[in-house]
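This report describes selected side-chain interactions in a single protein chain. The sequence and the structure are shown first.

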Amino acid sequence: HWDRLAAIAQAAQPIPLIANGDCFQPADIHHLFGISGIKAVMIARGAQWNASIFQAHRQGASLLPLSQV
């Protein structure tokens, strides 16, 4: 429920929150940071689907093709 994270993050200040769930593209990570005010994300299924999500997020790039992962 990403739509609820901003209110939770605001109420929890100064405790930094970590969101978990449904990040499959680097854009998902950036969107989640932008709408929520959270400090970090956990990525499980997205990393199992394509582990290059970590590299792509850091470099602002796209996911690598699975043949290269």
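The sections below treat the nonpolar core, a buried polar residue, and the salt bridge and aromatic pair.

## Basis of the report

The structure is a predicted model.

## Nonpolar core

In soluble globular proteins, nonpolar side chains tend to be buried together. In this model, the largest nonpolar core comprises 12 residues: Leu-5, Ala-9, Ala-19, Cys-23, Ile-29, Leu-32, Ile-38, Ile-43, Ala-47, Ile-53, Ala-56 and Leu-63. At least two residues of this core come from each of helix 1 (5-12), helix 2 (26-36) and helix 4.

Ala-19, one of the core residues, has contacts with Leu-5, Leu-32, Ile-38, Ala-40, Val-41 and Met-42 when neighbours within four places in sequence are set aside. Among these partners, Leu-5, Leu-32 and Ile-38 also belong to the core.

## Asn-50, a buried polar residue

Asn-50 is located in the loop that separates helix 3 (45-49) from helix 4 (53-59). Its relative accessibility is 5%, so Asn-50 counts as buried, the cut-off being under 20%.

Two polar contacts involve the side chain of Asn-50. The side chain of Ser-52 is joined to that of Asn-50 by a polar contact of 2.6 Å, and the backbone oxygen of Leu-64 is reached by the Asn-50 side chain at 2.8 Å. With residues up to four places away in sequence not counted, Asn-50 touches Leu-63, Leu-64, Leu-66 and Val-69. Of these, Leu-63 is a member of the largest nonpolar core.

## Salt bridge

One salt bridge is found in a search of the whole structure. Its partners are Arg-45 and Asp-22, whose closest N and O atoms are 2.2 Å apart. Because Arg-45 belongs to helix 3 and Asp-22 to the loop between strand 1 (18-20) and helix 2, the pair ties together parts that are 23 residues apart in sequence. Asp-22 has a relative accessibility of 43% and therefore counts as partly exposed.

## Aromatic pair

The structure also holds one aromatic pair. The ring centres of Phe-24 and Trp-49 are 6.3 Å apart and the ring planes stand at 80°, so the arrangement is edge-to-face. Phe-24 lies in the loop between strand 1 and helix 2, whereas Trp-49 lies in helix 3, so this pair ties together parts that are 25 residues apart in sequence.

Both rings belong to partly exposed residues: Phe-24 at 26% relative accessibility and Trp-49 at 44%. The salt bridge and the aromatic pair each tie helix 3 to the loop between strand 1 and helix 2.

Definitions and conventions:
Residues are numbered from 1 along each chain as its sequence is written. This is a predicted model: local features need pLDDT of at least 70, side-chain atom pairs count only at pLDDT 80 or more; totals for chains, interfaces and linings use all residues. Side-chain values use heavy atoms; hydrogens and water are left out. Helices (H or I, at least four residues) and strands (E, at least two) are DSSP runs, numbered from the N terminus. Buried means under 20% relative accessible area, exposed over 50%, partly exposed in between (1.4 Å probe, protein chains only). A polar contact is a pair of N or O atoms within 3.5 Å; within protein, one must be able to donate a hydrogen and the other to accept it, and residues adjacent in sequence count only if both atoms are side-chain atoms. Contact means heavy atoms within 4.5 Å. A nonpolar core is a set of buried Ala, Val, Leu, Ile, Met, Phe, Trp, Tyr and Cys residues joined through side-chain atoms within 4.5 Å. A salt bridge is a side-chain nitrogen of Lys or Arg within 4 Å of a carboxyl oxygen of Asp or Glu. Rings of Phe, Tyr and Trp (its six-membered ring) pair if their centres lie within 6.5 Å; planes under 30 degrees apart count as stacked, over 60 as edge-to-face and the rest as tilted.
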